[in-house]
Amino acid sequence: MADPCVVAIVNPKGGVAKSTTARELAGQLSKAGKSVVIVDLDHSPGCLSSTMGADMSTVEGIAHALVAERYDFCDCVQDIEVRGAPVGLAAGGAAVGAAEQTLSDVANVGAQYRLRELLEGAPYDYVIVDTPGNLSVMTIMALNAATRVIIPVFAEEESVRGLQGVIDTVDAIRRYSNPAVSVDGVLVCRYSTQAESPALLAEEIAELAREAGVGVYSTRIRQSHAKDGRRNLKFRDYEAFAAEFVGEVG
Ligand SMILES: Nc1ncnc2c1ncn2[C@@H]1O[C@H](COP(=O)(O)OP(=O)(O)O)[C@@H](O)[C@H]1O
Ligand SMILES: [Mg+2]
C-alpha cells in the first residue's frame with residue numbers, strides 16, 4: 001500500500017484550534033469515504049485524546065509506539081467517531097510527556113524521524129497529526145513525517161505575531177531534514193465579526209503569508225457558541241474547509 005498523506009496541524013501556541021481542526025478535518029475526510037487516523041502528540045490535560053474520551057489505560061497509545069524498538073503502528077490505533085464518522089486515534093496523554101523526555105535525549109539518534117518511520121506504509125489515506133502548544137521534539141517529529149502542514153491561527157494580534165516563527169520552523173525542516181514538507185496553508189479560526197477589526201487582522205495574516213510565500217485558505221472558521229448546538233457555524237465551516245483541502249474548491 002502507498003504511504004498515507006501525512007498532515008501536521010502545527011502552531012506552538014495553545015488554544016488556536018489545532019485539536020479542533022485535527023478532529024473536524026479527520027471527521028470530514030472520513031465522511032467523504034477516506035480512511036483516516038489522528039495521531040495525538042499532545043500530553044496536556046486538554047489534549048484531543050482526553051477531550052474525545054479515548055481509552056488511555058488499556059490501549060497503548062502513540063507514546064508506546066514511538067519508544068518501542070519494533071512496533072506496528074496499527075497496534076496503537078483505537079476506533080473513535082467524530083460526528084458519527086469512523087476515525088482511528090493513536091492516543092496521546094500523559095505517556096507522551098515521558099516519551100518526549102526519552103526522545104529529546106541527543107543520544108537517542110534518529111528520534112526525530114521515529115514517527116515518519118512508524119507511518120511508512122500505514123494503511124490509511126490520511127494521517128492527521130495533532131501537535132502540542134509548545135515547540136518540542138514532538139512538533140519536529142510531526143514536521144519530519146508530514147508532507148502537508150496546516151497552521152491554524154486566530155485573527156488576533158498575538159496570533160499574527162507568532163505566525164512568522166511557525167513558517168520559519170517549517171522552512172528549516174524542509175531545508176535540513178524533510179524536503180517534502182511545506183505549508184499547505186494558514187487557516188484563520190474563530191473568526192468573529194464582533195471582534196475588534198477582524199477583517200484588518202485577516203488582511204495582515206494574508207500579507208504576512210504572501211511575503212513568506214505561503215497560502216491562506218479562503219475558508220475561514222467562524223467563532224461559534226455552545227448554544228448554537230448542531231447548527232454550530234464551525235461545523236459547517238470545517239465542511240467547506242475539508243472540501244478546499246482536498247482540492248474541490250479554492
Ligand atoms: N471556531 C470556534 N468557535 C468557538 N470555539 C472554538 C472554535 N475553535 C476552537 N474553539 C475552542 O477553543 C478552545 C481551544 O481549541 P483547541 O482546538 O483545543 O486549541 P489547541 O489545540 O490549539 O490548543 C477549545 O475550547 C475549543 O473548543
Ligand atoms: Mg490541542
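A residue counts as near a molecule if its C-beta atom, placed from the backbone, lies within 6 Å of it. Keep that cut-off in mind for the ligand shell. The model itself is predicted.

Start at ligand 1. It is surrounded by 15 residues. The closest are Ala-17, Lys-18, Ser-19, Thr-20 and Lys-234. By class, the shell holds eight polar residues, four nonpolar and three charged. Which helix gives the most to this shell? Helix H1, residues 18–31, does, with three residues.

Stay with H1 and follow its packing. Its partner here is helix H9, which spans residues 233–245. The two axes lie 9 Å apart and meet at an angle of about 70°. Angles of 65 to 115 degrees count as roughly perpendicular, so H1 is roughly perpendicular to H9. The crossing of this pair is right-handed. On the H1 side, the contact is made by Glu-24, Leu-25, Gln-28 and Leu-29. H9 answers with Tyr-238, Glu-239, Ala-242 and Phe-245. Sorted by class, the contact has five nonpolar residues, two charged and one polar.

Now turn to the sheet. Seven strands build it, and it is open. Read across, the order is E3-E4-E2-E5-E1-E6-E7. The pairing is mixed. Which strands form the edges? They are E3, residues 77–82, and E7, residues 182–189. Each of these pairs on one side only. From one strand to the next, the twist averages 25°.

The E3 edge deserves a closer look. E3 pairs with strand E4, residues 85–90, in the antiparallel sense over six bridges. The register can be read from individual partners. Val-77 stands opposite Ala-90 in E4. Asp-79 stands opposite Gly-88. Val-82 has Ala-85 as its bridge partner. E3 and E4 form a hairpin, with two residues between the strands. One feature of the turn is Arg-83, which has a positive phi of about 50°.

On its other pairing, E4 meets strand E2, residues 36–40. Here the sense is parallel, over three bridges. Val-37 has Gly-88 of E4 as its bridge partner. Gly-88 also stands opposite Asp-79 in the hairpin pairing. The two pairings of E4 show the mix directly: antiparallel with E3, parallel with E2. As background, side chains in a regular strand alternate between the two faces of the sheet.

A second helix pair completes the tour. Helix H7 covers residues 157–176, and helix H8 covers residues 198–212. Their axes are 10 Å apart, at an angle of about 20°. How do they lie, roughly parallel or roughly perpendicular? Angles under 35 degrees count as roughly parallel, so H7 and H8 are roughly parallel to each other. H7 passes H8 in a right-handed crossing. H7 brings Val-160, Leu-163, Gln-164 and Ile-167 to the contact. From H8 come Leu-201, Glu-204, Ile-205, Leu-208 and Ala-212. By class, this contact has seven nonpolar residues, one polar and one charged.

Set the two helix pairs side by side. H1 and H9 pack at about 70°, whereas H7 and H8 pack at about 20°. The handedness is right-handed for H1 with H9 and right-handed for H7 with H8.

Note on methods. Residues numbered from 1 in each chain as written. Chains lettered and ligands numbered in written order. Predicted model: local features only at pLDDT ≥ 70, side-chain atom pairs only at ≥ 80, totals over all residues. Helix = DSSP H or I, 4+ residues; strand = E, 2+ residues; numbered from the N terminus. Nonpolar A, V, L, I, M, F, W, Y, C, P; charged D, E, K, R; others polar. Axes fitted to C-alpha atoms, helices over the stretch in contact; angles between N-to-C directions. Parallel < 35°, antiparallel > 145°, perpendicular 65-115°, else oblique. Left-handed = near helix turned anticlockwise from the far one by under 90°. Contact = placed C-beta atoms within 7 Å. Pairing = 2+ DSSP bridges.
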